[in-house]
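Please work through the exercises below with the sequence and the coordinates at hand. Each task is followed by a worked solution.

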Amino acid sequence: VQLQASGGGYVQPGGSLRLSCVASGDIFNINAIGWYRQVPGKQRELVALITRGGGTVYVDSVEGRFTISRDNGPNVVYLQMSSLKPEDTATYYCYADDIVMNYWGKGTQVTVSS
């Protein structure tokens, strides 16, 4: 599975961004797909996941502000980020897993600053 992320950028606090991730390859065995983020010096943390069955998981700090969704089955996943805060600044990584392994895309930078 290959993951291609896009949509990062610079935004002021309170603004919005949408991240996209396109999965290719053996996508039909994907169990969950979503986003992690990482800031320098800290561990990578889960942001949001959506499962094959459509269930969603969010880290508490983004609940109510971020929405994960998918299009075309497991092929494309979006992360709509609203009411962004400076603490959301991070490199965001698309993630997917199947019964064999975990997959990571290259990161996309999100910077929230006035």
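The exercises concern a predicted model and proceed from the whole chain to single residues.

**Exercise 1. Secondary structure**

Determine how many helices and strands the protein chain has.

Solution. Assigning the secondary structure gives zero helices and eleven strands. Reading along the sequence then yields the pattern β-β-β-β-β-β-β-β-β-β-β.

**Exercise 2. Overall dimensions**

Compare the radius of gyration of the protein chain with that of a compact globule of 114 residues.

Solution. Step 1: for 114 residues, a compact globule would have a radius of gyration near 13 Å. Step 2: the protein chain has 13 Å, which agrees with that expectation. Step 3: along its principal axes, the C-alpha trace spans about 40 × 25 × 20 Å.

**Exercise 3. Burial, contacts and surface**

Establish what percentage of the residues is buried, and describe the contacts and the accessible surface.

Solution. Step 1: buried residues account for 42% of the 114 residues in the protein chain. Step 2: of the contacts between residues at least 6 apart in sequence, 50% join residues at least 24 apart. Step 3: the accessible surface of the chain is about 6000 Å², and carbon and sulfur atoms contribute 49% of this surface.

**Exercise 4. Charged side chains**

Count the positive and negative side chains and locate the centres of the two sets relative to each other.

Solution. The protein chain carries 9 positive and 9 negative side chains. The centres of these two sets lie 5 Å apart.

**Exercise 5. An aromatic pair**

Classify the ring pair formed by Tyr36 and Trp104.

Solution. Step 1: the structure holds three aromatic pairs. Step 2: in the pair of Tyr36 and Trp104, the ring centres are 5.0 Å apart and the planes stand at 70°. Step 3: an angle over 60 degrees counts as edge-to-face, so this pair is edge-to-face. Step 4: Tyr36 belongs to strand β4 (residues 32–38) and Trp104 to strand β10 (residues 102–104), so that the pair links distant parts of the chain, 68 residues apart. Step 5: Tyr36 is buried, because its relative accessible area is 18% and the cut-off is under 20%. Trp104, with a relative accessible area of 38%, is partly exposed. Step 6: ring pairs join Tyr36, Tyr95 and Trp104 into a cluster.

**Exercise 6. A positive phi**

Describe the backbone angle phi of Ser83, its place in the chain and its exposure.

Solution. Step 1: Ser83 has a positive phi of about 50°, although this residue is not a glycine. Step 2: Ser83 is found in the loop between β8 (76–81) and β9 (90–97). Step 3: the relative accessible area of Ser83 is 41%, so the residue is partly exposed.

Notes. Residues numbered from 1 in each chain as written. Predicted model: local features only at pLDDT ≥ 70, side-chain atom pairs only at ≥ 80, totals over all residues. Heavy atoms only, no water. Helix = DSSP H or I, 4+ residues; strand = E, 2+ residues; numbered from the N terminus. Rg over C-alpha atoms; globule rule 2.2 N^0.38 Å. Buried < 20%, exposed > 50% of the residue type's maximum accessible area, 1.4 Å probe, protein only. Contact = heavy atoms within 4.5 Å. Areas by Shrake-Rupley, 256 points an atom, 1.4 Å probe, with all protein chains shown as cover. Lys, Arg positive; Asp, Glu negative; His and termini not counted. Charge placed at Lys NZ, Arg CZ, Asp CG, Glu CD. Phe/Tyr/Trp six-rings, centres within 6.5 Å; stacked < 30°, edge-to-face > 60°.
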